Amino acid sequence: MQSFDTIVIGAGPNGLAAAQRLASKGAKVLVLEASGAPGGGAGLAHLSYNLDPRVAKSMALAQHGLVWQQTNLATTALGTDGKHLRMQGALGATLSGDVPEKDRAAWAALRTRLLRFAAVLAPLNQMSPPRIAKDAGNPMLRLGMIALKARMMGAREFRELGRIILTNVHDLLDDELSAPLLKGALAFDATLGGWLGPRSPNSVLPWLVRLSGQTAGVQGALGLPKGGMPALGAAMAKSAEAAGVTLHCNARAARIIVEDERVAGVTLADGEEIRARRVVSAIAPKTTLLNLVGPRHLDAGLTTRARHQKSRGGAAKLSLILRALPDFRGADLTDRLLIAGSEHDVERAFNPVKYGRVPEKPGMEIMIPTAHEPGTGGMHRLTAVAQFAPHAPADRDTARAAMLAACMAQLEAHAPGISAMVQSAEILMPYDIEDQYGLPGGQWHAGELSVEQMLFLRPLPGLAQYQGPIPGLWLASAGCHPGGGVSGTPGWNAALAMEAAQ
Amino acid sequence: MTTLRHFETPLLKTSFHPRTEAANKLWSWGNWGGYTTALTFEDLSMEHSAIRNTATVYDLCPMIKYRVEGPDATAYLNRLTIRNAAKLSVGGVHYTAWVNDAGHLLDDGTLFRLAQDRYRICCQERHLNWLLDSGHGFDVTITEETEEIAALSLQGPTSAEILRLGGFGIDGLKPYRMAEFALGDGWLMISRTGFTGDLGYELWTTPDQALALWDRLFAAGALHGLRPIGSDALNIARLEAGFVITGLDFTPADTCLREDRLRSPLELGLGWLIDWDKGHFTGKAALHKQRATGTKWSFVGLEIDGNISAEGAILYHDRKHEIGVITGACWSPILKKNIALAQILTKHLAGVNIWTEIYALRELHYEKLMMVARVVDRPFFNPDRRRATPPGRF
Ligand SMILES: Cc1cc2nc3c(=O)[nH]c(=O)nc-3n(C[C@H](O)[C@H](O)[C@H](O)COP(=O)(O)OP(=O)(O)OC[C@H]3O[C@@H](n4cnc5c(N)ncnc54)[C@H](O)[C@@H]3O)c2cc1C
């Protein structure tokens with residue numbers, strides 16, 4: 001059998017990005033993927049909001065099949081009365097619908113600010129988190145540039161950044177805006193993928209992280225690849241293979257082999273052992289440490305910190321096959337449709353989830369792929385990310401059924417008659433997502449992206465430099481800085497850190 | 001007399017309290033881990049003298065005890081502690097220590113291998129959280145059993161004879177081994193261990209047998225100079241033996257506030273405990289690194305000129321530069337020397353030109369003494385009778 005110097009566990013966006021980079025620098029890389037195909041969470045995803053431009057360029061994704069259907073998709077926030085709010089351009093550059101004049105002005109100012117603040121923080125994404133230890137050898141110049149840019153916004157803006165950075169989304173929106181649909185859409189976006197509601201402390205910072213992403217050079221823009229997000233995952237896989245990466249699907253890593261207190265390879269679920277001096281785990285750090293490495297090879301304090309790392313997912317994924325195109329009271333079906341009537345609706349959808357229960361009226365991000373590209377047999381597809389869903393309810397099957405019913409009721413309320421069109425329906429709860437994709441708790445970011453788990457605290461204090469706790473082990477998943485999304489950023493950063501360590 | 005309510009008498013009483021209370025003529029009590037413990041019963045000099053010349057009992061009940069059992073007990077302890085638990089045979093006891101991820105000492109203690117898959121840890125500090133957390137991923141049960149066991153330390157040259165007279169055949173018992181005996185309708189476990197550096201034993205039983213055990217020992221020891229001792233006498237003996245006490249000689253890492261006060265086993269002279277070849281254990285990577293770069297601090301025994309105890313004194317190089325601190329000191333009655341344990345900067349380990357600043361209180365006036373200190377080997381006192389098997393008939 002061929003021998004490899006590097007094994008990457010997981011062919012999600014980050015595993016593929018890391019693998020491609022390492023292989024293009026001469027490493028012999030084997031990627032192990034548990035499922036039948038590469039792409040990982042791209043298969044769950046709707047839209048691209050933070051694809052790393054370094055990754056897109058270096059992996060030459062365009063040459064490997066990535067074509068944008070849309071690079072700046074509009075959002076329609078659905079009103080039950082047909083009075084929709086349409087947000088066009090990146091982060092609702094223009095609003096059409098029933099929005100008071102003073103809200104329009106206030107939103108224009110707030111929007112500019114949010115994008116500016118996010119842009120100031122954006123360079124942090126592309127580097128290893130700064131370390132706080134003495135003489136840690138931080139890239140002071142780069143950090144200095146970020147600080148300088150923040151300061152160059154002027155005293156007023158700098159103060160404003162300081163004021164809002166650790167506040168909550170509800171208060172921020174409430175200070176400036178009044179229109180419920182607008183506030184609801186923004187609150188939904190801000191909390192998408194998190195385990196927090198708009199009123200949760202520190203909910204603004206994760207939103208800024210989301211807004212630091214870009215599509216085709218436009219900050220805050222949402223991209224839709226032709227063929228959907230799985231096509232982006234497929235392009236990444238093609239690029240990796242073109243760089244010489246060997247990809248084994250249906251190959252689940254069961255253990256990371258540790259010998260003489262360093263990494264020696266991987267044991268697969270079927271018992272096969274594959275040897276390599278370097279193992280890059282691009283699945284969640286928590287799973288990597290607790291399940292693949294195991295406490296016996298780790299210090300007790302680290303094991304405890306890993307166990308306590310928060311990884312609660314709140315997003316469910318609904319897939320419907322419809323016999324006809326639904327009518328969302330005239331909304332453009334090629335838009336991204338949102339059900340989030342107000343910021344309070346978003347909060348109310350989060351409340352029961354705190355106690356492991358299903359919300360009555362979940363918020364929903366809806367996409368209808370067959371409105372862009374016709375489906376087969378005249379059937380239509382509708383997918384939705386529904387928030388919030390409990391990650392650990394008392395009874396999984398009951399919760400799943402209740403969540404499906406709640407989603408259908410929401411859809412019916414916004415597209416009367418849709419229920420009758422349903423050919424088949426499937427919903428993945430956070431725990432189903434964990435089972436199928438391995439994201440612990442079904443967590444979007446493979447570990448909550450919350451202030452206390454960001455930067456040098458991500459994934460865990462002492463492990464934020466992508467280097468694992470055992471020689472030869474590297475961490476490269478969304479659970480690492482700067483977090484999730486189909487970005488490839490953590491994987492790319494990890495590969496850079498490996499190069500720097502050589 | 002008014003009756004005191006429980007919160008007005010927060011210190012617990014040990015199983016031996018009815019006897020220690022009756023014997024405590026000075027009514028000198030201290031707080032050891034939340035228990036009422038005697039500091040001195042009657043006369044400090046006589047108590048120390050008994051440790052070295054006859055025999056003594058010391059109430060060990062407040063010692064924290066954990067039972068560790070299950071198929072993974074050995075693997076668990078090897079990950080938890082720095083020494084190799086697998087090398088400890090059933091019926092054996094060893095001294096060990098454990099550290100956090102950064103290699104900083106949490107505590108030291110003794111590990112008893114009660115059975116293939118069952119151990120007891122005896123230590124100074126409470127660690128249940130750390131022990132339970134460390135158990136994640138191991139098939140092991142950890143039980144705090146401090147209250148379930150009454151323990152008494154019997155130390156001194158005549159201790160073996162007293163046990164013989166008391167009906168316990170300990171002739172074959174070697175140092176760091178233990179044996180079980182019947183006691184009343186219960187059991188008594190005797191280990192040849194102790195904290196005095198002398199011939200001695202530690203006796204472990206259930207609380208309901210405690211007083212009977214005490215009485216049996218005192219009946220047997222009447223003509224062998226047996227007396228109870230308090231913590232003050234024990235402290236002198238342990239200094240002579242060169243033993244470390246958590247909280248006195250180092251600050252345990254989990255309660256230490258100042259980063260520069262954290263100490264590793266290498267810095268406390270406990271490097272010999274570390275089994276570098278047994279595989280991973282908590283803190284190993286950090287200790288490995290420290291071993292490679294060398295430690296900033298070291299732990300030493302000192303002999304100091306004069307006869308005034310240097311308790312808490314600062315160490316100087318060339319009378320000028322601070323280079324360390326004395327963590328425990330006494331005038332040793334058996335050695336007739338002024339001895340001390342100290343943390344000292346490693347670069348001064350060679351021990352030249354070391355001075356200690358002693359404040360001697362003489363009739364309400366301090367006299368400041370600058371005395372020469374010499375680094376010497378520990379233990380200061382290490383008699384052959386400690387090891388002789390069968391033990392001598394003194
Ligand atoms: C419901 C939901 C909707 C989302 N929508 C979007 C979106 O619209 N846009 C967006 O950008 N992001 C979205 N995300 C987030 C995004 O999917 C993840 O952040 C991203 O996929 C993380 O990438 P990754 O490479 O770190 O891990 P993953 O994508 O999770 O990849 C890990 C891979 O490892 C494999 N694996 C797991 N265990 C093993 C093992 N033991 N051995 C071998 N292989 C293993 C998995 O099968 C998987 O392929 C969504 C997430 C969720 C939960």
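This passage walks through the domains, the ligand site, the chain contact and a few backbone details of a predicted model.

Chain A comes in three pieces. Its domain 1 is stitched together from three stretches, 3-68 + 226-310 + 444-501, while domain 2 covers 101-224 and domain 3 covers 315-437. Measuring from C-alpha atoms is left aside here for all but the centres: those of domain 1 of chain A and domain 3 of chain A sit 29 Å apart. Where these two domains of chain A meet, domain 1 puts in 10 residues and domain 3 puts in 12 residues. Together they bury about 860 Å², with carbon and sulfur atoms giving 64% of that area. On the domain 1 side, a trio does much of the work: Leu44(A), His46(A) and Leu47(A) account for 67% of what domain 1 of chain A buries against domain 3 of chain A, more than any other three residues.The ligand turns up between these two domains of chain A, because domain 1 (3-68 + 226-310 + 444-501) and domain 3 (315-437) both give residues to the shell around it. That shell counts 32 residues, and the closest are Asn14(A), Glu33(A), Gly41(A), Leu47(A) and Trp444(A). Leu47(A) thus shows up both here and in the trio at the domain contact. Sorted by class, the shell holds 20 nonpolar residues, 10 polar ones and 2 charged ones. As for secondary structure, helix H1 (13-24) and helix H16 (430-437) of chain A each bring at least two residues to the shell.

Several ligand oxygen contacts can be picked out. A side-chain N or O atom of Glu33(A) is 2.6 Å from an oxygen atom of the ligand. Backbone atoms join in as well: a polar backbone atom of Trp444(A) is 2.7 Å from a ligand oxygen, and a polar backbone atom of Gly485(A) is also 2.7 Å from a ligand oxygen. On its own the ligand would expose 1000 Å², and the protein buries 97% of that.

Chain B is split into two domains, with domain 1 made of 17-61 + 149-229 and domain 2 spanning 296-381. Taken over C-alpha atoms, the centres of these two domains of chain B are 32 Å apart.

The two chains also touch each other. Chain B contributes 16 residues to the contact and chain A contributes 13 residues. Between them the chains bury about 1200 Å², 44% of it on carbon and sulfur atoms. On the chain B side, Asp101(B), His136(B) and His280(B) make up 45% of the area buried against chain A, more than any other three residues.

A few backbone details round things off. In chain A, the peptide bond between Arg458(A) and Pro459(A) is cis, with omega at about -5 degrees. Pro459(A) sits in the loop that runs between H16 and strand E20 (473-475) of chain A, and H16 is one of the helices that supply the ligand shell. Chain B has a cis peptide bond too, from Arg378(B) to Pro379(B), where omega is near -10 degrees. Pro379(B) is found in the segment after strand E19 (365-376) of chain B. Finally, Asp260(A) has a positive phi, near 50 degrees, despite being a residue other than glycine. Asp260(A) belongs to the loop linking strand E11 (253-259) and strand E12 (262-268) of chain A.

How values were computed: Residues are numbered from 1 along each chain as its sequence is written. Chains are lettered from A and ligands numbered from 1 in the order in which they are written. This is a predicted model: local features need pLDDT of at least 70, side-chain atom pairs count only at pLDDT 80 or more; totals for chains, interfaces and linings use all residues. Side-chain values use heavy atoms; hydrogens and water are left out. A residue is near a molecule or strand if one of its heavy atoms lies within 4 Å of it. A polar contact is a pair of N or O atoms within 3.5 Å; within protein, one must be able to donate a hydrogen and the other to accept it, and residues adjacent in sequence count only if both atoms are side-chain atoms. Accessible areas come from the Shrake-Rupley method with a 1.4 Å probe; for residues, only the protein chains shown count as cover. Helices (H or I, at least four residues) and strands (E, at least two) are DSSP runs, numbered from the N terminus. Ala, Val, Leu, Ile, Met, Phe, Trp, Tyr, Cys and Pro count as nonpolar, Asp, Glu, Lys and Arg as charged, and the others, Gly among them, as polar. Domain bounds come from an automatic or database domain assignment. Contact means heavy atoms within 4.5 Å. Buried area is the accessible area (1.4 Å probe) that two parts lose on being put together, summed over both.
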